[in-house]
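Happy to walk through this one with you. Open the coordinates alongside, and let's go through them by question and answer.

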Amino acid sequence: MSELKSWTELPVGGTVSPGDAEQPRTGSWRTGLRPEVDLSKCVNCLLCWLYCPDSAIRLDGTTFVGFDHDVCKGCELCEVVCPVGAIGMVRDGN
Amino acid sequence: MSRLKQLVRNERGCAPLRGGHALCQGCGVPMVVRTIVDSIDTPVVVISATGCLEVATTRFPTTAWNVPWVHVAFENAAAVASGVETAYRALAKRNALPQDGPITFVALAGDGGTYDIGLQALSGALERGHRFIFVCYDNEAYMNTGIQRSGATPFGASTTTSPSGTASFGKAQRRKDMTAIAVAHHVPYVAQAIAVHWHDLSEKIERAAAADGPAFLNVLTNCPVGWGHEPRASLEILNAAVETCFWPLYEVVEGRYRLTYVPERVRPIEDWLRPQARFAHLLRPEARGVVVKIQRQIDEEWVALRRRCEQDAAAA
Amino acid sequence: MATRAVAARVLTGGEAVAEAMRQIDPDVVPVYPITPQTPMIQGFAKFAAAGRVHGEIINVESEHSAMSAAIGAALAGARTITATSSQGLALMAEVVYIAAAMRAPIVMAVGNRALSGPINIHCDHSDSMLVRDSGVVQLFAENAQEAYDLMVMAPRIAEHPDVLLPVLVCQDGFTITHSAEPVVLLGDRSVKKFVGEYHIPFPLLDLSAPTTQGPFAMPDYYYEVRHQQVAAMSAALAAFEDVAGEFETLSGRRYDVIEPYALDDAERAIVCLGSTGGTVKDVVDELRSEGERVGLLEIRSFRPFPVERLRSALEHVGQIAVLDRADSPGGLPPLFADLTATLHGTSAELESYVYGLGGRDLHPEEIRHVFCAPAGAAVPVYLGLRSEPCLV
């Protein structure tokens, strides 16, 4: 539960600085499936990174490292777009 | 380096639009936005119109934007952008910018904020020649307010204000050709693009950013809720838009038309209609006449576009 | 006090605003023409064409876009000035509220003109009243000199770090905008030095500190974000005093949020906005010479409404006639409503008069009648309204 600020604590004009902004965990939106990867198949084509609506593909440089399940909404586009079938949707543990 | 790797590098580890926003599962807009911002090699300032993108990414006190971003109202993205861009030039003239160097100004609006309520401000900004890129993420209805019809809604589509029923086959009017309206302003660069042809979109953005004046990009963007499809069907549907010539990919450079993609075999318009619940009513036998009409409209537009491109190529 | 005599120039209120704009030399001027504001922007455009100013004019395609572009420019980090009247102010009203909420310190000159319908190009205050609750500062000039002086002061008030609100400098359309009077201008360098450099806390063009401006807010935060504007308005009263003090040193002319005239021992007073104050002063002088204890309180700052100053200035006055150059059908005229609430609990008796709608002149005889024949009613008296046909 986050605290609600008083009017005296807010920046002028409702301005938000990204560094100060909490990132909502929209991973809670998933309805039962989440993506997982078989790294041995991944060819680092980066298409999943490009197509993900939630910026949930984590890279190290230009290398795929994993998913940010805190924000992934389970739309399955990464599974659809992966050209080598390295990504599959699995039952969510949440 | 591959273009995709370059887009990654351009982010410098900091996505312009990060996750945690409230856009729908499978929304087509974020990919368009990130492809665009990542394809621009200068710093970017984004001016957003009211709409899904704006509302869902900036619920106070959080934000999903890591680039300078401003929103004022629904109809004035182009006017606000005009002010920001002019301020940049005025301050640059007297060496008063906080940092030196170029900045690219990108206005982002849905079809409502472009075709309809946003049309006046856009027209004015194009006519005045401000150096900025106006991108319409066209999902063909007012999605944020509940899928109401807009001037971009295609003929025959069912929306909440043009619903299909026993007395209606959906929207009874043809959609505006907003791309042609932009071309009529004699601006240096206009294009139609789509996220699923991301390489084409990325190249077009580069050309838009390099244009010495206004650039207008119309990007057909899917909406799982408004169009009625599972998110995983997004790519198939966007591809169908291109392969049926519902959404030709072309650019107009200094008034000269050029196709940037030609389908090997033009597919029948049903391939575009079938996967979307907003067109489901058209697939019934009694709506056959409407589908025939739609096919004819698409055919005529495609023929006219090809002819114009050939003419312009020959004149070059 | 002024250290040297400066020759006055004969200028209309509109020309005086254009001169002030020239001397301030803002970075961005987004404008759309509407009578009677046009001399302001045409005058400024001529200065630009002659290379006498350095900013950029944006000839936008509507007033809604004028204020929208102004917000973009002001929040980008550029001093921005615009101007409008009547339907233009009405069309941009949505964005005026947003400019205040986004704390954009835009200066806007207003040639007050009646709102349609019928369409009318002459003076009344209905356009200002339309944006009464928008959160912008509204200052009213009595004449061309004041229009010029308030324009020079306006950027300092708008940009004051505790204020950061749009400031409207209002002058009566045609009566002031198009009437020529002697106006003493300050020197170009003095004005430039007085307005100083433009600073805002979060310039959009500062790439080192990206911000999100103009967010979406739910019921959990809208109230608090908006409440900042209440504090900003309060600060605007103090800011006006500070800036007016500096301006007096520069010009020898002292401004205040209210202007009492022969009020100290007045038994009856008129309260009004704008050029009518000038006419009332003449009538006050006449009646005073006849032994009548009458006075005027002209309000300079309509928003923020100087509640405490009004109470202390008017509490000794027995009868107060409030002259509104705008109406609120079905309700109370706006200035009267504000003043009634302000003087609630005092022993003052207030009367409401509506006058001058659509540019109808208010004559000295009618003002004399207001002073000498109190209406004694709380419902508005419509001065000069023809309730019967009249031969001309």
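## Chains and contacts

Chain A, read along the sequence, runs β-α-β-β-α-β. Please keep in mind that this is a predicted model.

Q: How many helices and strands does the secondary structure of chain A hold?
A: The order of elements along chain A is β-α-β-β-α-β. Tallied by kind, that comes to two helices and four strands.

Q: What radius of gyration does chain A have, beside that of a compact globule of 94 residues?
A: The C-alpha trace of chain A spans about 55 × 30 × 15 Å along its principal axes. A compact globule of 94 residues would have a radius of gyration near 12 Å, whereas the value for chain A is 17 Å.

Q: What percentage of the 94 residues in chain A is buried?
A: A residue counts as buried when 20 or more other C-beta atoms lie within 10 Å of its own. In chain A, the buried part of the 94 residues is 35%.

Q: Among contacts in chain A between residues at least 6 apart in sequence, what share joins residues at least 24 apart?
A: Contact here means C-beta atoms within 7 Å. Taking the contacts in chain A between residues at least 6 apart in sequence, the share that joins residues at least 24 apart is 66%.

Q: How many charged residues are on the side of chain A that touches chain C?
A: Eleven residues of chain A are in contact with 18 residues of chain C. By class, the chain A side has six nonpolar and five polar residues, and the number of charged ones is zero: no charged residues.

Q: Which element of chain C gives the largest share of the side that touches chain B?
A: This contact takes 42 residues from chain C and 43 residues from chain B. On the chain C side, strand S2 (28–31), strand S3 (56–59), helix H3 (63–76), helix H5 (93–101) and strand S9 (212–213) each supply at least two residues. The residues of that side divide into 24 nonpolar, 13 polar and five charged. The largest share, ten residues, comes from H3(C).

Q: Which residue in S9(C) stands opposite B:Val70?
A: Strand S2 (residues 69–71) of chain B pairs with S9(C) in the parallel sense, over two bridges. Opposite B:Val70 in S9(C) stands C:Gln213.

Q: Which helix of chain C is among the elements that cover the buried residues of H12(C), besides H6?
A: Helix H12 (residues 334–342) of chain C has buried residues, including C:Pro334, C:Leu335, C:Phe336 and C:Leu339. Their cover includes strands S11 (268–272), S14 (319–324) and S15 (349–354) of chain C. Besides helix H6 (126–130), it also includes helix H11 (307–314).

Q: Where does C:Pro304 lie?
A: C:Arg303 and C:Pro304 are joined by a cis peptide bond, with omega about 0°. Another cis peptide bond joins C:Thr35 and C:Pro36, and C:Pro36 lies in the loop between S2 and helix H2 (38–49) of chain C. The place of C:Pro304 is the loop between strand S13 (301–303) and H11 of chain C.

Q: Is B:Glu254 buried or exposed?
A: B:Glu254 is in the loop between strand S9 (250–253) and strand S10 (256–259) of chain B. Its phi is near 50°, a positive value in a residue other than glycine. Because B:Glu254 has 11 C-beta neighbours inside 10 Å, it counts as exposed.

Conventions: Residues are numbered from 1 along each chain as its sequence is written. Chains are lettered from A and ligands numbered from 1 in the order in which they are written. This is a predicted model: local features need pLDDT of at least 70, side-chain atom pairs count only at pLDDT 80 or more; totals for chains, interfaces and linings use all residues. A residue is buried if 20 or more other C-beta atoms lie within 10 Å of its own, exposed if 12 or fewer, and partly exposed in between; C-beta atoms are placed from the backbone. Two residues are in contact if their C-beta atoms, placed from the backbone, lie within 7 Å. Ala, Val, Leu, Ile, Met, Phe, Trp, Tyr, Cys and Pro count as nonpolar, Asp, Glu, Lys and Arg as charged, and the others, Gly among them, as polar. Two strands pair if DSSP finds at least two bridges between them. The radius of gyration is taken over C-alpha atoms; the globule rule is 2.2 Å times the number of residues to the power 0.38.
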